Amino acid sequence: MQDFKHLTNKKRFSASSFLPSRKSASRNAFKRLDEPPPRKKRLRFLLPLIAALLVAYPVLSLLLSGRPAVSSVREEAHPGTLSLRDLDTYGAFRVAAGAFPTARAEGGRLVASLAGGGTVVYAINEEVQERVKDVLARFQVPYGVFVAMEPRSGRILAMVAHSSVLPGWEQQAFYGIYPMASLFKIITATAALEQGKVSPDTVIPFRGGLYSESSRHWSDLPKRGAQEMDLTTAMGKSVNPVFGRLACDVAGRDSVLRCAERFGFNHALLPGTPVLPSKAEHPSTDDDLRLMGAGLGREVKISPLHAAVLMATVANGGTMLAPSLADEIRDPSGKVAYTHQPRPLRTVTTAEVSSQLTRMLSTTVTTGTSRRAFHDRNGRPKLADVSIAAKTGSINGTDPEGHYSWFAAYAPTDNPQIALAALVINQDKWKIKASYVGEQALEAFFK
């Protein structure tokens, strides 16, 4: 095993060019005030004539052509209205997202009617959708969001939101951005693994508690008695000092930021859709970089939809696919106007690094932060036949106010069929966290 104990610490215009000359000003001063210039006299007759023609044009056009006159101003399509020119990947998502709140079960599929005629057919998995909907409502979570997708196709398999506090919040909950918390450790690990300086077995010495937030001291190792932990165990247990050191002392600021950009931060994931761009502000100091690397950067924010895409990217060997909400869209006559086709967006990392990340993330449900949610009271795994790679996150936030609990995962690890992200925002008292929502979703999917 590698040991990192050695790591330390235009042309300008003059205003005078727009003013009349002194000579012309003098001449104009002697003109009678009640005598309009010849040009103004002509305009007195022309302007009413022009106005009359403009008013009469639509009527004349209608009489001559037999058709209503067409306005020269293009009207924006009503949200959800079917327009063939919109039906590329992004346009189809926008249309499907606009119609999603009115979706209904029909013939074993989830469908929605469009305002201008036509139908959206979704790829929603009914078992997962209904299980998550029931869990969020039954436990009356203040705010909860869940998104699942198929890693190799980009099809969205479930999309559920609920609020017992603020009705209507759930309409845009999938697309808004929230503090990412320790999910960012995946990006930190990717940036470090890509450089070849560390592996999942690398041991990192550190100072402070596992969940310390005092990043100033993480790299100031004592001469004796420093704690140490391998990266795989540290990922499962979400150890802050280890990933703070990994970001600052191993990967470096530029590498971490470039990696975040490849994962889709700081630019639109789906241009022209309701999905807000996730953001990762540049850390100005080493201390800020350590906090970011550990998932404590409060200005690092992501949408639940993007979080599911991130997990699907790792599950898909490092290739990011555009998420697709519509399986197909039919025009008013019933003809299929759009059919989903997988659309790769970019290669984020290598298959080798993705495999290493899978190994590290697999400890979260076996010995790490989600062990309790995935085992019964006797310690037996609830999904014994399914290998799961996962990451949790936990942080306080203000919009909405509360404690943010994340769970993101994909499974099975050897042949991923589902990737998901759950976010539960609790307040003073809580009944469930995001790990429980994730476990219930996976149970519904596989059982």
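**Strand β17 and its neighbours**

P412 lies in the loop between β16 and β17. This is a predicted model, so to speak: local features need pLDDT of at least 70, side-chain atom pairs count only at pLDDT 80 or more, and totals for chains, interfaces and linings use all residues. Residues are numbered from 1 along each chain as its sequence is written, and side-chain values use heavy atoms, with hydrogens and water left out.

Q: What makes β17 a strand?
A: A strand is a DSSP run of E with at least two residues, numbered from the N terminus (helices are H or I runs of at least four). β17 covers residues 418–426 and has 9 residues, so it fits.

Q: Why is β17 called mostly covered?
A: Buried means under 20% relative accessible area, exposed over 50%, and partly exposed in between (1.4 Å probe, protein chains only). In β17, 9 of its 9 residues are buried. I418, L420, A422, V424 and N426 point one way and A419, A421, L423 and I425 the other, and all are buried.

Q: How do you know that β4 and β17 pair?
A: Pairing takes at least two bridges found by DSSP. Strand β4 (residues 143–149) shares 7 with β17, so they pair, in the antiparallel sense. In one of these bridges, G144 has V424 as its partner.

Q: Why is Q140 called exposed?
A: Its relative accessible area is 51%, which is over 50%, so Q140 counts as exposed.

Q: What makes N266 partly exposed?
A: N266 has a relative accessible area of 35%, so it lands in the in-between class.
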